[in-house]
Amino acid sequence: KTLVDYDDISKGFVEIRVGFHSGPVLASVVGSRLPKYSVFGDTVNTSSRMESTSLPMRIHCSERSAGLLRSQAPEIKLECRGVINVKGKGEMVTFWVGDDLICGEDLDLDDFEFKGEVKN
């Protein structure tokens with residue numbers, strides 16, 4: 001935990017939400033007077049929705065990202081959050097990531113069919 005203000009602990013602790021999605025993006029430097037590196041695409045928008053529909057101190061990911069995590073880092077715990085309505089995307093199956101799963105039993109991901117292509 002990280003204090004908001006070390007001099008005034010009554011302000012509490014920092015609580016963040018994390019969300020991510022995996023997929024193609026377009027990246028480029030934008031602007032001539034004040035150039036900024038930017039990333040664009042549906043993957044960026046979906047990642048933002050994963051963050052905004054997460055809970056404080058939780059990591060939330062899409063079904064595609066859960067499939068990639070499962071194949072590349074099977075030691076990381078995943079729990080199916082279920083189907084949620086995601087603005088601009090419709091209904092999506094999403095997952096909680098990490099050791100601090102609080103929403104129920106761990107899911108046996110070998111019994112789950114992941115949508116989309118998963119490459120190692």
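**View 1. Valine 93, a buried residue of strand 6.** In this predicted model, valine 93 has a relative accessible area of 18%. Buried means under 20%, so valine 93 counts as buried. Valine 93 sits in strand 6. Another valine belongs in this close-up: valine 83. Along the chain, valine 93 and valine 83 are 10 residues apart. Their C-alpha atoms are separated by 4.4 Å.

**View 2. The largest nonpolar core, with seven residues.** Valine 93 appears again here, as one of the core residues. The other members are Cys61, Ala66, Leu69, Leu78, Phe95 and Val97. Two or more residues come from each of helix 2 (63-72) and strand 6 (90-97). Strand 6 gives the most, with three residues.

**View 3. The open sheet of four strands.** The strand order is 1-4-6-5, and the pairing is mixed. Strand 1 (17-20) and strand 5 (78-86) stand at the edges. Each edge strand has a single partner, so one of its sides is left without a neighbour in the sheet. From one strand to the next, the twist averages 30°.

**View 4. Strand 1 beside strand 4, a parallel pair.** Strands of a sheet pair through backbone hydrogen bonds, in either the parallel or the antiparallel sense. Here, strand 1 and strand 4 are parallel, and four bridges join them. Phenylalanine 20 has cysteine 61 of strand 4 as its bridge partner. Cys61 also belongs to the largest nonpolar core.

**View 5. A nonpolar patch on the surface.** Six names make up this view: Val4, Val14, Ile16, Val18, Met57 and Ile59. Together they have about 460 Å² of accessible area. Isoleucine 59 lies in strand 4 (residues 58-62). With a relative accessible area of 31%, isoleucine 59 is partly exposed. The patch takes residues with over 30% relative accessible area, so isoleucine 59 passes that cut-off with its 31%.

**View 6. The protein chain as a whole, with two helices and six strands.** This last view places the close-ups in their setting. Starting at the N terminus, the elements run β-β-β-α-β-α-β-β. The chain has 120 residues, and 28% of them count as buried. Valine 93 is buried, whereas isoleucine 59 is partly exposed.

Terms used: Residues numbered from 1 in each chain as written. Predicted model: local features only at pLDDT ≥ 70, side-chain atom pairs only at ≥ 80, totals over all residues. Heavy atoms only, no water. Core = buried A, V, L, I, M, F, W, Y, C linked by side-chain atoms within 4.5 Å. Buried < 20%, exposed > 50% of the residue type's maximum accessible area, 1.4 Å probe, protein only. Patch = residues over 30% accessible without salt bridge, like charges linked within 9 Å, V, L, I, M, F, W, Y side chains within 5 Å. Areas by Shrake-Rupley, 256 points an atom, 1.4 Å probe, with all protein chains shown as cover. Salt bridge = Lys/Arg side-chain N within 4 Å of Asp/Glu carboxyl O. Pairing = 2+ DSSP bridges. Axes fitted to C-alpha atoms, helices over the stretch in contact; angles between N-to-C directions.
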